[in-house]
Every structure is written in C-alpha cells, then in structure tokens.
Amino acid sequence: MSLSVDIRKDFGSFTLDVAFEAGDETLGFLGASGCGKSLTLRCIAGIETPDEGRIVVNGRVFFDAAAGVNLTPQERKTALLFQNYMLFPNLTVAENIGAGIGREVPREERARIISEELERFGLRGFGQRYPAQLSGGQQQRVALARMFAARPGILMLDEPFSALDAHLKGVLEQNLVSLFDAYGGTILYVSHDIDESLRFCDRIAVVEAGRIREMASGDDLVHRPQSVAGLKLSGCKNAVPVERVGAHAVHAPRWGVDVACAEPVPEDVTCLGVRAFYIERTDGPGENCYRVRVDRTSDSRFERTVLLAFLDRDPADAAVAFDDNEMSYLHQHLFWRVSKREPGAALPEVGDELWVRIPPDRVYLVTR
C-alpha cells in the first residue's frame, strides 16, 4: 500500500502546506494543537478540500486540483478515528460496527464481519448495547472495530487516547500495537505526545505552523533532531537561540554563557538543545562548568525539576527580571532533572548555589 500527499490550503491567517509519502508503515504526526495535523487527515479523508495539490492512495487519485478530481469521503473508503469516536448514539454496538460496511456487501457476509470484529476487539456480548452504556475504553474499541469492518485502504487516528485515563490508556495502547501489526497497510497517527508517537510509529513527521519541519525515525528524532520544532517536541526542555563563536563553541545570549560542543558547529546554527537529565553536578570550574543558583524546584514521583540561574553571565547579555516578563525570565534558566531514586542523595533546594556541567557530547545543534 502507498500514500502520496502534496497539498496546500489557505485559511487566511493559517496555511496548510504539506508534502509527504508513506508505505506500509505507521507514520506519526507530532505537533502542538492547531499546527495542522488533524487538518491534514481531514483533507485525505475528503472532509476538507485543499486549494491545490494531489492526494493518491494505493494508486487511486483521491484529489487532483489540476485535473478536477475530488472523490467524496464515501468513495475514498478511508477510516478516520476522531478523538470523540463519533459513534451513533441511537445504534447498538453491532449496528455501529456495521455502519462502516458498504451496502453492497451481502447480509450474511455483513453479519460475519460484525461477528469477527466483535471478537477481535473483545466486545463479544456487547453487540446489543448502546454507546451510552459503555465505558470510554469500550467506546474506543467499537470505533476501531467499525474502522476495521470497513476494510479501508488507509487507517487514520486523531489523538485516540486524549480522553482516557492513564491506566486505561496503557492497556489499550498494547491492544492497538497488535492491531496495527495485523493491519499491515498505511496508518497515519496524530499525537502531541512524543512517547505515544515513539510507541506506535515507524517514522514521525514534526508539524509546525502548517508545515512538516522534519521527518525521521523515532530514534533519530530523539537523538539527532534537525529542527527547533523537532528539538522541542522531542521533549528537550533546554532549547535556546545561539550564535557561533568557534568551530566547537556557541554563545547563548539567554543564558549569558558560552557552550563548548563536541560536534563541529554549523555556520548557520540557530539553536542549541540539551536534555534536562543530562546536566551533571560538579565541584568547580572547567569546560562547560557553570556556577548557578537554584531559583525554583518542583517534584514529581521520581524526580525533581530544578530551574538554575547562571550567576556569571556575560554583562553584554542583559538579564530579564521576573516582574518585567515572566516567560523570558524563566527561559533564562537551565532546566535540570534530578533523580529522587538515589538513597541518601541530597536534592537541590531553592537558594542553593552550586556548580553544574553541560557535557559537550550531549549538546544538540540545529539550523532550522
């Protein structure tokens, strides 16, 4: 199976302009709310019509602005699972599943497909219930069963776990992995959660402001990000603008310090990133060693997040006061994650002054 998309749609204040190809794989779309992820899927499904471009699924042209081709959603036979599942409240579970099957399918075959999907999704015995009588997880399984019953040429899921609690989400994620393996075709998966994308997707497209900034495997996105958007969406808490000051050094005006880098610095470098859990505590001066003050802390179950202010800033880089601009003030800080799992280890407290080190080989540099 294959998918080829090259479309553009102008909304005035926002323009969707995406081009990509996918094969027998799960391709993730990762980005913040409103960046164009869901809109891309709606264009493929025929719910939205691009202004220009082309969409081809498994050799069949769904949309071609130049040739005047624009198949209806029914003709496209795609399957799009929305966040709220879109079940028919007046139909039973079995009827909801059957709603995805074409009218040309004989009654006996229709019944066999419904029975097969009830079994596949663990819904045996629920066929005569209505959506209102089901839990959120059961409703999701009905929606997935309806998708599979339609025997679609492409599966598309739009943040299917956003409305579920953490425990139920974990269970259903494992079920979905098995279902994706059984499908064996092109699957598009929208998310704003990097960990969720890594669990499901063979490749991930980073979407920002209606455009795909980079497309890579999950491993490459985490360890070798190529864009500022990819850097931030991969979970990197420390991402700051930088200027090249040497073959292996940059200056970060927000922090007011120079940072040595193991990798050669590109001439057009724009941003530096370092993950919060790579920051090391050290005893004193040295390469990439900085004297800092703990300004804030916050705790989760297994770690403490610490905001560090650089005490020896370059005087040319003016510091921003909290009262002047809270966000700019926070961005001047280095985020540090400290494990709480080490017995007897002293955790940093607000007001502490100490030394930390940024390992040069843990620094990411991006140019776009």
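Modeller: Let's start with a ground rule: two strands count as a pair if DSSP finds at least two bridges between them. Keep in mind that this is a predicted model.

Colleague: Okay, what makes β5 and β6 a pair, then?

Modeller: Strand β5 (residues 60–64) and β6 share two bridges, in the antiparallel sense. The rule asks for at least two, so with two bridges β5 and β6 qualify as a pair. If you want to find the spot, look for Phe-63, which stands opposite Asn-70 in β6.

Colleague: Which sheet does β6 belong to?

Modeller: An open one made of five strands, in the order β2-β1-β4-β5-β6, with antiparallel pairing.

Colleague: Why are β2 and β6 called edge strands?

Modeller: Because β2 (15–22) and β6 (69–70) each have a single partner strand, one side of each is left without a neighbour in the sheet.

Colleague: What lies across this sheet's strands β1, β2, β4 and β5?

Modeller: That's helix α1 (residues 37–45), which runs at about 70° to β2.

Colleague: On to the other five-strand sheet: what is the strand order there?

Modeller: The order is β17-β21-β18-β19-β20, again an open sheet with antiparallel pairing. At its edges stand β17 (280–282) and β20 (334–339), and since each has a single partner strand, one side of each has no neighbour in the sheet. From one strand to the next, the twist averages 50°.

Colleague: How do you know that β19 and β20 pair?

Modeller: Count the bridges again! Strand β19 (residues 303–310) is joined to β20 by six, and the two run antiparallel. The bar is at least two, so β19 and β20 clear it. One of the contacts to look for is Val-306, whose bridge partner in β20 is Trp-336.

Colleague: Now β9: why is that strand called mostly covered?

Modeller: A residue is buried when its relative accessible area is under 20%. In β9 (residues 187–191), five of its five residues fall in that class, so "mostly covered" fits.

Colleague: Which residues sit on which face of β9?

Modeller: Side chains in a regular strand alternate between the two faces of the sheet. On one side of β9 you'll find Ile-187, Tyr-189 and Ser-191, and on the other Leu-188 and Val-190; all are buried.

Colleague: What are the partners of β9, and how many bridges are there to each?

Modeller: Strand β3 (residues 26–30) pairs with β9 in the parallel sense over five bridges. Strand β8 (residues 155–158) is parallel to β9 too, with four bridges. For landmarks, Gly-28 has Tyr-189 as its bridge partner in β9, while Leu-155 stands opposite Ile-187.

Colleague: Last topic, pockets. What volume does the largest one have?

Modeller: About 730 Å³. There are 21 lining residues, and the closest to the centre are Pro-73, Thr-78, Ala-79, Ala-99 and Gly-100. Strand β7 gives the most to this lining, with three residues.

Colleague: What makes its lining mainly nonpolar or mainly charged?

Modeller: Nonpolar wins: the lining holds 15 nonpolar residues, four polar and two charged. Ala and Pro count as nonpolar but Gly as polar, so among the central residues Ala-79 and Pro-73 go in the nonpolar group and Gly-100 in the polar one.

Colleague: And how does the lining of the second largest pocket divide?

Modeller: Into six nonpolar, two polar and six charged residues. That pocket has a volume of about 390 Å³. Nearest its centre are Ile-194, Asp-195, Ser-234, Gly-235 and Arg-337, and helix α7 (residues 194–200) gives the most to the lining, with three residues.

Conventions: Residues numbered from 1 in each chain as written. Predicted model: local features only at pLDDT ≥ 70, side-chain atom pairs only at ≥ 80, totals over all residues. Heavy atoms only, no water. Buried < 20%, exposed > 50% of the residue type's maximum accessible area, 1.4 Å probe, protein only. 1 Å grid on protein atoms, 1.4 Å probe; cavity = no way out; pocket = protein on both sides within 12 Å on 5 of 7 lines; lining within 4 Å. Points joined across faces, edges and corners; volume = space filled by probe spheres on them. Axes fitted to C-alpha atoms, helices over the stretch in contact; angles between N-to-C directions. Contact = heavy atoms within 4.5 Å.
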